Amino acid sequence: MSENKVVLSVRDLSVHYLTQRGALKAVSHASFDLHKGETLALMGESGCGKSTLNLALMRLLPGNARVPNGAIVYTRRDGSTIDVLKMNQDRLRRFRWSECAMVFQAALNSLNPVLRVRDMFYDTARAHGETNHHKVRRRALELFRKVRLDPERVFNAYPHELSGGMRQRVLIALGLLLDPQIVILDEPTTAVDILTQRTIIDVLLSIKDELNFSIIFISHDLSVAAEMADTVGTMYAGEIVELGPVNDMFYRPRHAYTLGLLEAIPRLSAGAEELTSIPGSPPDLVEPPSGCKFHIRCPFATDICAKETPPMEVVGDGHSAACWHADQVYARALQFTGAES
Amino acid sequence: MKRYLQCLLIAALVLSLVGAAGLNKPAQAQEAPSGVWFGTWPYVLPPEHSFNAYVTNGGLETNLGVGFRSYVELPMAFYMWSTGEYLPLLAESWGFSDDNSYYWTKIREDATWSNGDPVTADDVLATYAIGRLMNWSDFAYIDRLEKVDEKTVNYIFLEGQGSLLAERFILKNYIRDAYTYGELATKAQELYDSGKTSEDPEWTELVDEINAFRPDELLASGPYTYTLDDVGDTYMTLHWHPNSIFSDSVNFGEIRIWAGETEATTPLVLSGEIAHATNVYPPSTLEAFAAAGINTVAIPRGYGPALLFQHDTWPWNITEVRQASALVIDREENAFLTNGLGATATQYMAGLADSMVPLWMTQEAIDQLDRYEFDPDRAAELLQSAGFERNADGKWADADGNVITAEFKFPAEFTDFSGMALNATEQLNEFGFDITARAIPWQQCADDIRNGDFELSVWSWSSQSPFPARQFYGPIQRFNYVGLTQGQKGMNFPMEFEWNGEMIDLDQMINDSSAGLDIEKQVEITSEVALIINQLMPFVPLNELISVEPFNTDLIDGLPDPDDPILQNPSSTDHFIIYSLLTGAFSPK
Amino acid sequence: MEGTPAHRLYDAIKRVVGSYAFRVVVQGILTLWAVTTFTFVLIRQMPGNPIQIKIDQLMDQRQLSYDDALKSAAGLYDFDPDEPLIQQYVKYIGKLARGDLGKSILSAGTPVADQIRRYLPWTLFSVGSGLLISFTLGVLLGMSMAYWRGGLLDNTMTVVASIMYGVPDFVIALLLLLVAGVQLELFKVGDVLGGISQDVEAGFNVPYITSLVQHAGLPVLTYVWTTVGGWILTMKSSTISTLGEDYITVAKARGLPERRIVLAYVGRNAMLPLITRLAISIGFVVGGSVIIEFIFQYPGLGRLLYTAINGRDYTTMQGVFLVISAAVVVSNILADLVFGLLDPRVRVGGQK
C-alpha cells in the first residue's frame, strides 16, 4: 500500500434479488474500504455474494435486484466524493470504466464475437469522449505490450482468433485503457491453464506496480489471492465475516469460516489426513438462519451462535472479524498453520 | 428526298383514314346493350391462355368452359332434357338421312362471324378436319364429312354407327372458323387423305404444330368476343359485337368472368358482385348466401355417388349381401349428409337418373323395380336366407363365423363423396357389418378402383348424357373390367351370366340400349338392363347430386320459375343459362 | 520447370478448382441436379398422371368411354405415360442442360420458361415485400419484447404472436376477404383480387403503382400476419439469450451508450441465428404462397403451381421446382456470405 488514501468506501451495502419465494438476500450489510493502490481479495464459496457485490459496485445488477440500503462512496482523483448509488444514468455511464473497470471471468464471453478487438477499444474510448483513433491505438498497443501481447496482431484480431489467456490479457488491457482508479477482477485465472495463469498473475503484478491502481479481486484460488492481495475479505452467505491484511488472514484467522477455507487447501507441509473440507452447504438466502449464519456448519458453534448475530469486531491492526468464538478459532489456526502469534 | 417522304407519309395517312371509314359498315348502327353479366370460371392467364380452340387447359376449350364458350363459338343446337328435343343455335335444321347412313346440318342463312364473314360449311369441315387429327371421339361414329352447299354438311356415319349418341356429338360441337384454322385444316385433311395415321411422325408433327398455334384474334360466331388484353388476373371480359345472329337478342354488352374456384369466388358472391356462379359451394356457404339474401337456383348435376362393391371378394360377390346393403342405408339421411340440400335420395334404383326412368323405361318395367325402401328386417331375412346369422356381438357372420367386414376407401378431397362414405359406413355398421372407412387422395382412389384394389368404395353413377347407354356406363362399364385397359379389373362384376334361363352379355346390352334410331327397341333393352341392375345391385346408386347455384336477382331479371322444364338440364352440360342468356331471357336490373 | 506453359496452365486450373467461387458453383449445380432428380421421381410417384387425370375428366364431362378418352387425351398432350422413367429422365436432363425447360403438358405448346417469366415477378414482388416487412417487424418487435421482458408489450405480443403463428394462412386470407370486404365493406372484394387493375397502363406511373400496392396489400398482409409471429418469437428468444451474454454486461460496464449496445452488441449477435432462416425464406419467396395466391387470385408462381399440381403438369411443376431450388441454393450461398460478414467466426475462406 503506497498511500493511505481511500478510493472506495462501501458502507452497510445490501443487495436483494426479488424471487417468487421472496427477497433473496445476496449481500447483507457489507462494509469495507479500498485504498489507493491496494489489492483487496474477496474469497468464499460460490453463491456467497462476491460477484453480486462486485456488480453492485458498478451498478450492473440485473433487473430483479434491489439495493435496500447502503452507500458506495467513490473518491475522485481531485478528492471529491460521490455515491455511486445516487448517480443518474448518464453520469453512471461516464463513471463506468473511466474510474472503475472490470475484468470478468470467462474472458471468451466478455468480448463481442462479431467485433474486432480494436473496435472494442474504439467503442470504449468513444463512449468516454475520445474519438481520436490514433491516440486510442497508441494507448492500446502500449497496454498490449505491458500485458505481453503481440500488439499489432491482437489489435486487429477477432476474439475467436485469440487463445483464452490472450483474451484475458486483452480484457485487462481494455480495463486499463481509460486509466481507472479501480479494476475489479472476477476470477481472472479460473478458466485458463496453469501456465497462462502464471503469466496473467505476473502481468497483473507488474502493471499494478507500474500504474498504481487499486484492485478488487475475486478468486476461488486462495494461493492466487495470497500472492496478489494486500487485504483479504471472507464472505459467507452475503456477509463479509472477516477482513484483514493478507498475512493475518492466512496465518491468524479469527473466523471459523476463514479457517475452514484455509483447511480445505492442500498444503505441502501438511499430511493428507489433515485436509478437511467444510461439511454442509451454504444456507438458503431467502430465509437465512438466525444468529451467525455459519453456525449450522461450524465446529465451534454454541448456543449463542444460533441466537445472536456476532458483531464485527476489531481483532488486530486493520483486522476485524464477526465470530463469537474468535479466540478458539485463533488458537486452532495457530496449531494448524504453525504461525507465530 | 425529305419532301418526297413527307408526301408519302401524308398520302398513307389519308388512305388509311379513307379505308377505315369504308370498312365501318354504315348498316351497323347498332349499339352494345348496356348491361353487364357477372359470372365465374377458373380460366388460366396468358401465356397459357390462348385463342387456340383445340388445346385443352390453355385454349378456348377449357378457358371459357362449356358455358361461356357458347357465347363465342356457337354449337349447332341446344338440348332440352325434359323433352329430348334440340333447340336451334347455329343451325336452322338438321336430321338423320332416311336410311340412317348420314346426318345433316344446315347453318342459319344469316349466321356470320364477328368480322362479318358468313358462317359456312367450310368452317364445319375445317373444324372436323383438325378434330380428327386431335383424336376426337366423334370419329367413332363418323367416317367423313361432305359439303352439300354453302350452308349444309353431311356427316357420313361409319357402318351402323348412326345413333342418338352420334347426333349429340354433332350438334354439341363448337364450330371453329376456317379463316383462322383453314390452313391447318387443309394440312390435316391432306395428311388423313394420304393414309397417314397417328403412328406416323408427320401426324405427330402436325399435332405439335396445332398445339403451338397461337391465333392473334378470335373470330366469334356468338355475340361476344375478346382479345388477350381482356384477360386480367381477376376477371376477363367478353365484349358484345354486332355481327352474330344472337347479337340482337342478348341484353348484356359485356360478360365479366371472375377467375377462381369456390374459395376465390365465395366472397365475391357474398358481396353481391356475381350474377350467377357454377362453382360447387358447400352447404354452409349456401346458408351464408341465403343469409346475405342471395338467391339460388337448384338444378341436377347429372350424377351422384354410388356405393361400389368388389365382386371378386367375399361377401360382396353374394347378391343378398349387396341387396341387404341397399336396404339398410337410409338414403334420405345419406343424401342429406352427402351434400345437405345439394343431394336427393335415389327413388327408382334403376341405374338411370330418376328423371330419365319415365322417358326410357316401359311402365311395366318401372312397376317391377324394387325401390329398396329402408327395411332392416327385410335385409336380415335376406341375409339369413343366404346363410348368415348375427353373432353374439350383433355382427353378421356366415356359418363358419366369418364376420362381414370390409375397408371402405373414399376420396378425401371430395366432401360430397366423403360425406356419403362416412354415413354409409355408419349405417352399415349399425346394421351389424364391420366396415372401416379410409380417406385417401382422389387420384389414388380412382387408381385403386380401376385396379380392383378395394372392397368398398364410392364413385359417380349416371352421367351428364341423356342417353341410357351413357347413363348406365358409370360405374358398371367405366369401373369394370369391360371398360378398363388390360390388367385392370375394377369392380370385377361379371358381365356375362345366366338370366331368366338364357346367357346374356350385359355389356353388349348396355351398348345396344342407345344404338341406332329405333327408340322403342332402346326402351325395351333399357328396361331390361335397368331391371337386371335393380335386381343384382352391382352397385348401390345412393343419391343424385343437385347443383345449388347462386343467382343474384338484385342484378339480373329473368330467373326461370322452379318448375320451368329448362331447369331439368344438368349443370355440367347443356346448362340452362347458356340458352336463356343467348335468347335474351335474362336482362340487367 | 516453373515457367513452362504446361505448368502455368496447371497452376491456373488448380487455382480455379481450388477457389471458393468454383467450389460454390459446383456445389450449387450438384445440389440442383440432386433436387431436380429427386423431384422428377417424386412427382411421378403422385397418384395419377396428366393423361389419367384428363381421361377421368373427359369420361366425366364428355361421357367418353375409357378408350375414347385415352385416345383424345393422348392426342391433346405430348406426353407418353408408358415411356420408361429413365428414358423420360434422360430426355429431360438433356434438354435442361441446354437451358430448355420444355413445354407445359397441360397447356400444350406453351414453353415453361414463358410461364415462369409471366408469374415470377408478381411473386417476387408480393412475397418479397411481405418477407421484408415480416422480418423487419419481427426483429424490431422481438427485440423490444426481450428488452422489456415481462412488460405489457411482451405479455400481449407473446400471446398474439403465438396465435398468429398458429392460424393457417388460408383462414386469415378468407377472414380478411369475408370480414373486412364483405361484412364491413371496407373495400370491394373484386377490387383487391388479382395482381393489377385491368384499366391501368403498365409502367412507372402513379395509377399503376397505386393499383399494384392495392392488389398486393391483402396477400402481403396475410403473409406478414402468418409469418411475423415466427420471427418475433425467434428474435425474442435469441435476444434474451444474447442479453444474458457476458459481453453485454461488459459493454455496459465499459460505459457504452445504449444505442451502440443495442445495435452492435445485442442486435448483431441476436440476429445471427435468424440469418439461416431468412435465407431459406428468401429461397422460398420464389415459390410464392400457393394458398394465398389461390384465394386472392394473385398471378404468382404459386397460382401456376397449384394448377400444375392439380393437373399433374410434370414439366411445369419441374420448371417451378427448379426455379425454387435454384433460388434456395443461391440464397443460401448469399446467406453464407452475409453470415460471414456478420459473424467472423464462420467467415468464408477464413484464415483458419
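Chain A meets chain C through 26 residues on its own side and 24 on the side of chain C, where contact means heavy atoms within 4.5 Å. This is a predicted model, so to speak of local features takes pLDDT of at least 70, side-chain atom pairs count only at pLDDT 80 or more, and totals for chains, interfaces and linings use all residues. Residues are numbered from 1 along each chain as written, chains are lettered from A in the order written, and side-chain values use heavy atoms, with hydrogens and water left out.

Together the two chains bury about 2100 Å², 60% of it on carbon and sulfur atoms; that is accessible area (1.4 Å probe) lost on putting the two parts together, summed over both. The rule also finds 13 residue pairs in polar contact across this interface, both residues at pLDDT 80 or more. Helix α3 (residues 117-127) of chain A gives the most to its side, with 4 residues. Helices here are DSSP runs (H or I, at least four residues), numbered from the N terminus.

Two side-chain pairs, one across the interface and one inside chain C:

| Pair | Type | Distance |
|---|---|---|
| A:Asp123 and C:Arg260 | salt bridge | 2.8 Å, N to O |
| C:Ser134 and C:Thr227 | polar contact | 2.8 Å |

A salt bridge needs a Lys or Arg side-chain nitrogen within 4 Å of an Asp or Glu carboxyl oxygen. A polar contact is a pair of N or O atoms within 3.5 Å, and within protein one must be able to donate a hydrogen and the other to accept it; residues adjacent in sequence count only if both atoms are side-chain atoms.

As for C:Ser134, helix α6 (residues 112-147) of chain C holds it. C:Ser134 counts as buried because its relative accessibility is 0%, the cut-off being under 20% relative accessible area (1.4 Å probe, protein chains only).

Methods:
Helices (H or I, at least four residues) and strands (E, at least two) are DSSP runs, numbered from the N terminus. Buried means under 20% relative accessible area, exposed over 50%, partly exposed in between (1.4 Å probe, protein chains only).
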